[in-house]
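Trainee: Please take me through the terms used for this model, one at a time. I want the reason behind each label.

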Amino acid sequence: AAMREERIKKTKTVCTYCGVGCSFDVWTKDRHILKVEPNAESPANGISTCVKGKFGWDYVNSEKRLTKPLIRRDDTFHEVEWDEAISYVAKRMTEIKEKRGSDDLGFISSSKATNEESYLMQKLSRQIIGTNNVDNCSRYCQSPATKGLFRTVGHGGDSGSIDDIAKANLVLTIGSNTAESHPVLASRIKRSQKLFGQKLFVFDLRKHEMATRADRFYQPKSGSDLVWLSAVSKYILDQGLEDKNFIEEWVNEFDAYRESLEPYTMEYASELTGIPKQELIEVAEEIAKADKVSICWAMGVTQHMRGSDTSTAISNLLLLTGNYRREGCGAYPLRGHNNVQGCSDFGSMPNFFPGYEETTDDEVRARYEQAWNCTIPKEPGKDNHQMIEAIHAGNLSAMYVIGEDTGIVDANINYVTDAFEKLDLFIVQDLFLTKTAEYADVVLPAAPSLEKEGTFTNTERRIQRLYKSLDPLPGAKPDWKILQLIAQEMGGAWNYEHPSEIMAEAASLAPLFAGVSYERLEGYHSLQWPVHEDGTDEPLLFQEGFPFEDGKARFYPLEFELEYDTSEKYDLHVNNGRLLEHFHEGNMTYKVEGIARNTPNPFVEVSPELATERDIREGAEVKLISEAGEATGVVTVTDRVRGKELFIPMSANGKSAVNFLTDNRVDKDTNTPAYKEIAVRMEVMRKE
Ligand code: SF4
């Protein structure tokens, strides 16, 4: 019995499924996961979890896990030993670098990998290869939010904690299906509504669960959020309801901002958004009246051609009403992946070193060049979108992708997979033979979060440790170890024995993480960046002012042009997003049997009006056709959508529909694909 008990182990981990960053204990016996047990000490979630965190772990034992590196020869994959795979990768990357230059290679890091692994991916790219061509999947989601915050308040992260959202008098969610995408955070809002009458205003195309619970629910026309946000700001100013003291003390560029708001009358906003003028006036008055306002937003804002500008307009409105620097206030871009915040924080970005210091800053570059004994290019590298374009243009011939199913999740996947076929060297590191891996020349089997140590950073900028619950499946390796083997093979003096040493190096180089150490993150301890040398952190940002030279934030004037609309040929608009049960494209969650069984088919939500107009019923089969491609699905008739709006889930068990339909349009400031701006026409294949 003693022996048996010894095999039972309790380990603290951090959920791998969304940016809320729930932490809990996992009980295991050998490779069996016995249970997931929340712990009251968990800083983000206390004793709550959602279905994914509680039950979503069987994928670690899936028979589909890769356990041998694969190399493609004669168009088929051959299993090889690790030594051979590593030396092959090193040799081919060296050849390409020598023949065509460092910028002929591109690197995409994973927002499911740890901070330490993201740090090493950008180090491999910058130190060993000598290129800034490194990016991560925040390009697909939250880069526009980060941009909007950098423009206005100087830090690209949530202004406070989930606790602050819970303390607000008024919460606005814009383009966020919070109950399904960030379930535990949504529960906090629901509780605050009940406990102290927190008001919730939901702005979304779709009547999802939070919309039905909201005090007010508005359905602005797709892509028009910038307009109502600006009109609300203008109204507040016109009525003299702005926070004059706050602006005086803390914000620059007021006059330019006031002037830029001129065109945004309530009439104009009402016409463009479809929301009655009187309702918009009420929104403005409620915001001005509330003592503490928090605004949460997600992909419904960012994945548009004006995603960065709309994020900026949100921050402008918060500045105007003095909703920064206090508990219960602020800007909350809800990060989707568990570590999408950390992956960018730790430097897997083409323009930033770890801690958001620019590659163009000579002093910063010199610091890294000295520490790493190398030369790093000054100019920013290519982002994900530019890498795909560069492959098509013949300017990039090698790509290394970690834990990202780019061939499903990027927009316009026919165009993306055509690019993969043109690569001379394509390295994919993942748990499974994903759609993307099918195009690879080399596939390296990685280990998931339960099989390694490291840290993740959640949406609140909270850095948390995860401990190893299981040994890596024989044959698989943690990403940091694989990256180190490749760097060593290419002559890099990397000798990390444990991820703590990687974090120590990052902390010594990036001021944002100066005081981060594994000792300070023991167990359920956590730190919210910036972390100062003495170990103090900043749960609520901007207490000492905004990180600009004079300590003041800036209003950022914006212009608006409606760039997208449906047409006669493509008369419907498709929205897309997450399902509660699934994470992203579903590579992990579809390998959890119970979850897969309950959510088998890709579906298309059709409004009752449209179903009547087209004479189709529940269960009908339809084909959606956009300018880029087509996809089929089974109809669900529901009032979650209205009029000519359709909705399809982004998780589709490897049969992604949405990205056959998306095209090459992007947010003009960050190149984030405009996933939410798809016009289609619908053909009925079977009526019921
Ligand atoms: Fe928490 Fe998100 Fe994981 Fe659910 S998916 S347990 S809300 S971190």
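Mentor: Start with the shell around the ligand: helix 2 (51-55) and helix 8 (183-196) each supply at least two residues to it. This is a predicted model, in which local features need pLDDT of at least 70, side-chain atom pairs count only at pLDDT 80 or more, and totals for chains, interfaces and linings use all residues. Residues are numbered from 1 along each chain as its sequence is written.

Trainee: What makes a stretch a helix or a strand?

Mentor: Both are DSSP runs, numbered from the N terminus: a helix is H or I with at least four residues, a strand is E with at least two.

Trainee: Which residues around the ligand come nearest?

Mentor: A residue is near a molecule if its C-beta atom, placed from the backbone, lies within 6 Å of it. There are 13 residues around the ligand, and Cys-15, Cys-18, Cys-22, Cys-50 and Gly-53 come nearest. By class, the shell has 8 nonpolar, 4 polar and 1 charged. In this scheme Ala, Val, Leu, Ile, Met, Phe, Trp, Tyr, Cys and Pro are nonpolar, Asp, Glu, Lys and Arg are charged, and the others, Gly among them, are polar.

Trainee: How do you know what confidence the predictor has in the chain?

Mentor: From pLDDT, the predictor's confidence in each residue on a scale from 0 to 100. The chain averages 92, and 94% of the residues score at least 70. The model also has an ipTM of 0.99 and a pTM of 0.92.

Trainee: Why is Leu-70 called buried?

Mentor: A residue is buried if 20 or more other C-beta atoms lie within 10 Å of its own, exposed if 12 or fewer, and partly exposed in between; the C-beta atoms are placed from the backbone. Leu-70 has 21 C-beta neighbours inside 10 Å, so it counts as buried. The residue lies in strand 4 (residues 70-73).

Trainee: Why is Asp-74 called exposed?

Mentor: Asp-74 has 5 other C-beta atoms within 10 Å and is therefore exposed. Asp-74 sits in the loop between strand 4 and strand 5 (76-79). Its phi is positive, about 50 degrees, although Asp-74 is not a glycine.

Trainee: What about Asp-30, buried or exposed?

Mentor: Exposed, because 9 other C-beta atoms lie within 10 Å of Asp-30. Asp-30 is in the loop between strand 2 (23-29) and strand 3 (32-38), and has a positive phi of about 50 degrees without being a glycine.

Trainee: What makes two residues a contact, and which ones does Val-637 have beyond its neighbours within four places in sequence?

Mentor: Two residues are in contact if their C-beta atoms, placed from the backbone, lie within 7 Å. With sequence neighbours within four places left aside, Val-637 is in contact with Val-606, Pro-608, Ala-611, Arg-617 and Glu-618. Val-637 and Pro-608 are 29 residues apart in sequence, with their C-alpha atoms 5.8 Å apart. Val-637 belongs to strand 26 (residues 630-637) and counts as buried because it has 20 C-beta neighbours inside 10 Å.

Trainee: How do you know that the span of helix 16 agrees with its number of residues?

Mentor: The expected span is 1.5 Å times one less than the number of residues. Helix 16 (residues 307-320) has 14 residues and should span 20 Å; its end C-alpha atoms are 20 Å apart, so the two agree. In addition, 14 of its 14 residues are buried, so helix 16 is largely enclosed by the rest of the structure. Gly-322, just after helix 16, takes a positive phi of about 65 degrees.

Trainee: What makes helix 10 mostly covered?

Mentor: In helix 10, 12 of the 14 residues are buried, including Trp-228 and Lys-234. The buried residues of helix 10 pack against several elements, among them strand 8 (170-174), helix 14 (277-289) and helix 16.

Trainee: How many residues of domain 2 are in contact with domain 4?

Mentor: The bounds come from an automatic or database domain assignment, which includes domain 2 (70-135 + 338-528) and domain 4 (572-686). Here 15 residues of domain 2 are in contact with 16 residues of domain 4. Helix 19 (384-392), helix 20 (406-409) and helix 21 (413-422) are the elements giving two or more residues to that side of domain 2. Helix 21 gives the most, with 3 residues.
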